[in-house]
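Work through the following exercises with the sequence and the model at hand. Each task is followed by its solution.

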Amino acid sequence: MWWRSWLLGWAVLAEALSVLALAEASPCSFNTMCSCKDKEVACVGVPFQHLPELPHEALEHLDVVRAGLPWLENDALGGVRVSSLRLMSNSLQRVAPRAFSSLADDLRSLDLSYNLLDEVPLHAMEKLVNLDWFNLHG
């Protein structure tokens, strides 16, 4: 069908753009396996049991992808403010009720797709008053 090839084309373009963006990034000071650029942090394939201690500055994007995170504890981000949080393709099984407490006013986009969650973590999301987009696919 025509829409599948169109969708695949967009996916390839998005992946190419993200690779180009990471190519301009440099290793982060808190973990050299992560990439930092301006107000964006990307940790792709970096193994974590819990989220790393991030610098206390407002971030536009935080990507922790394929890190093997089993769960998110309360105050998982340690007070860091983030607009877009992408925790795709981890092993998340549980999200604590106050996992996103520091993000209540700032988080606009949350991607928890391709994890091992059995239920939507509504208890952790109820105070995210500015959340515009949420993905739980897969």
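**Exercise 1.** State how many helices and strands the protein chain has, and give their order.

Solution. The protein chain holds two helices and nine strands, where helices (H or I, at least four residues) and strands (E, at least two) are DSSP runs numbered from the N terminus. Read from the N terminus, the order is α-β-β-β-β-β-β-β-β-α-β. The model is predicted: local features need pLDDT of at least 70, side-chain atom pairs count only at pLDDT 80 or more, and totals for chains, interfaces and linings use all residues. Residues are numbered from 1 along each chain as its sequence is written, and side-chain values use heavy atoms, with hydrogens and water left out.

**Exercise 2.** Identify the residues that touch the most other members of the largest nonpolar core, and the strand that gives the most to this core.

Solution. A nonpolar core is a set of buried (under 20% relative accessible area, 1.4 Å probe, protein chains only) Ala, Val, Leu, Ile, Met, Phe, Trp, Tyr and Cys residues joined through side-chain atoms within 4.5 Å. The largest one has 32 residues, and L62, V64, L69, L72, L85, L87 and F100 touch the most other members. At least two residues each come from β3 (40-44), β4 (59-65), β6 (82-86) and α2. With three residues, β4 gives the most.

**Exercise 3.** List the contacts of L85, leaving aside neighbours within four places in sequence.

Solution. Contact means heavy atoms within 4.5 Å. On that basis, L85 is in contact with L62, L77, F100, L103, L107, S109, L110 and D111.

**Exercise 4.** Is L122 buried or exposed?

Solution. L122 lies in helix α2 (residues 122-125). L122 counts as exposed (over 50%) because its relative accessibility is 55%.
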